[in-house]
Amino acid sequence: MKRIVHITPTLPPAINGLGDFSFLLSQTLEELYPSEAFFLVKDLPPGNKAGQVTEFSAADFYTKLSDCRPDVVMLHFVNYAYQEKGLPFYMPKALKKLKQHTNCKVLVYFHELYATSTSMLRTAYYTTYLQKIIVKQLYALADQTFTNCQLYKVLLSELLKGKPNTLIVTGLCANIPEAYYNKSIRKEDAAMVIFGSQSSRASIYGNPLFNNVIKNAGIQTIYDIGAGHMSYTGAQVQFNALGKLPAEDIAPYLNRCAYGALDYPPHLLGKSGILSAYAAYGVMPINFNAIKEEILDGLTNGADYFDTASALPVKDAEAARTRLLAWYKKRNQKSIATSVIQTL
């Protein structure tokens, strides 16, 4: 029975996609592999004081990690989640020290690599170089590295300048548990679900093409899920503002809605938890992001996901759903956990 310690920014019930992912992955690993999950958490959510969950700071990170006596450490890495300027140099330092004193295996899951900016007014303009150093340090000490989209494998290859890139691209499982998907429920062709952060939902409703998309797709009912007050006064559309809901209460709306909206850069769709949730439940995604970049994660615009320029409503909805579900099957909870198990 191996002790697997997941280092993560937070855990449910906190609203955090990375916390959801690390928790779901730990559950699936325990189901498929003789292991026991422990968590080192940067910001512990209220009420979560379980014995296998420990809060840490930069100052005591190594001590807390060592006290867990891990056989395997899995760092779920997003630089800003662990240090306000995105410079958690204490992490590679502590992990290197741990490897020097134990037989512990270190796995690093790069949910992000580094931030960039062309504006001298933004902190990332000055910290990109340092963030790249941290990524290279973590890559060098890890026994295996993972990420969620093909673009990050390309960027890491460029960063390593020709050195072998053994990064495994797993995709990203849905943050709404797959167990709640009920394929026997008939989709409502005129219903759309929109969930996610307040800012991402606001950008969807504020998109000048939103009214046209709703009209062309024949949407009559919108279910809005998430924090913050949202409203829509489009003609003949019933708008349901449901507020924040736990994952199990979001699932019924994913089961019944034919369409789901999101605003996410197309070249990074492979790392969108919202897109993964739509895909896991056979909800046809309409992306309101207008960035034009090459799509690297096996999705085809106009076939298994759609945008504001797509012909709507989708003529062969069942075929689109079938392709989307097949795409997701290669990145679901079991698939990702299996990729990790093969490296243990």
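In the predicted model, K161 is situated in the loop that connects α6 (150-160) with β7 (168-169). The phi angle of K161 is near 55°, a positive value in a residue other than glycine. With a relative accessibility of 74%, K161 counts as exposed. A comparable description applies to R69, which occupies the loop between α2 (61-67) and β4. R69 is not a glycine, yet its phi is positive, at about 50°, and its relative accessible area of 55% makes R69 exposed. A positive phi, near 75°, is also found at G218, the residue that follows α8.

Two cis peptide bonds were identified in loops. One runs from P12 to P13, with omega near 15°, and P13 belongs to the loop between β1 and α1. That loop also contains I15, which counts as exposed at 72% relative accessibility. Between the C-alpha atoms of I15 and K215 the distance is 32 Å, with 200 residues separating the two in sequence. The other cis bond joins L312 and P313, where omega is about 0°; P313 lies in the loop between β13 and α11.

Helix α1 comprises 16 residues (17-32), for which a span of 22 Å is expected at 1.5 Å a residue, and its end C-alpha atoms are indeed 22 Å apart. Buried positions in α1 are L18, G19, D20, F21, S22, L24, L25, S26, T28 and L29. The elements covering these buried residues include the strands β1 (2-8), β2 (35-41), β4 (72-77) and β5 (105-110), together with helix α12. The axes of α1 and α12 approach within 9 Å and cross at roughly 70°, so α1 is roughly perpendicular to α12. On the α1 side the contact involves F21, L24, L25, T28, L29 and L32, and on the α12 side Q333, K334, I336, A337, T338, V340 and I341.

Within α12, residue Q333 has a relative accessibility of 14% and therefore counts as buried. Apart from neighbours within four places in sequence, Q333 is in contact with L24, T28, C173, P177, E178 and Y328. Of these partners, L24 and T28 are among the buried residues of α1, while Y328 is one of the buried residues of α11.

Helix α11 (residues 317-329) contains 13 residues and extends 18 Å from its first C-alpha to its last, close to the 18 Å expected at 1.5 Å a residue. Its buried residues are A317, A320, R321, L324, W327 and Y328. Viewed down the axis of α11, these buried residues fall within an arc of 125° and so line one face of the helix. The other side of α11 carries the exposed residues E318, T322 and K329. The buried residues of α11 are covered by elements that include β8 (188-195), β11 (257-262), α10 (273-280), β12 (284-287), β13 (306-307) and α12 (333-341).

The axes of α10 and α11 come within 8 Å and cross at roughly 120°, which makes α10 oblique to α11. The crossing of α10 past α11 is left-handed. In this pairing, L275, S276, Y278, A279 and A280 of α10 meet L324, L325, W327 and Y328 of α11. K329, also in α11, has a relative accessibility of 61% and accordingly counts as exposed. Its C-alpha atom is separated by 7.9 Å from that of A280, although the two residues are 49 apart along the chain.

In helix α8 (residues 210-217), the residues F210, V213, I214 and A217 are buried. They cover an arc of only 95° around the axis and are therefore on the same side of α8. These buried residues pack against β8, α7 (198-205), β9 (221-225), β11 and β12. Among these elements, β8, β11 and β12 also contribute to the cover over the buried residues of α11.

A buried position within a strand is provided by T145, in β6 (residues 144-147). The relative accessibility of T145 is 1%, and T145 thus counts as buried. When residues up to four places away in sequence are not counted, T145 touches V108, F110, Y139, T166, L167 and I168.

Definitions and conventions
Residues numbered from 1 in each chain as written. Predicted model: local features only at pLDDT ≥ 70, side-chain atom pairs only at ≥ 80, totals over all residues. Heavy atoms only, no water. Helix = DSSP H or I, 4+ residues; strand = E, 2+ residues; numbered from the N terminus. Expected span 1.5 Å × (residues − 1). Buried < 20%, exposed > 50% of the residue type's maximum accessible area, 1.4 Å probe, protein only. Arc of directions from axis to C-beta. Contact = heavy atoms within 4.5 Å. Axes fitted to C-alpha atoms, helices over the stretch in contact; angles between N-to-C directions. Parallel < 35°, antiparallel > 145°, perpendicular 65-115°, else oblique. Left-handed = near helix turned anticlockwise from the far one by under 90°.
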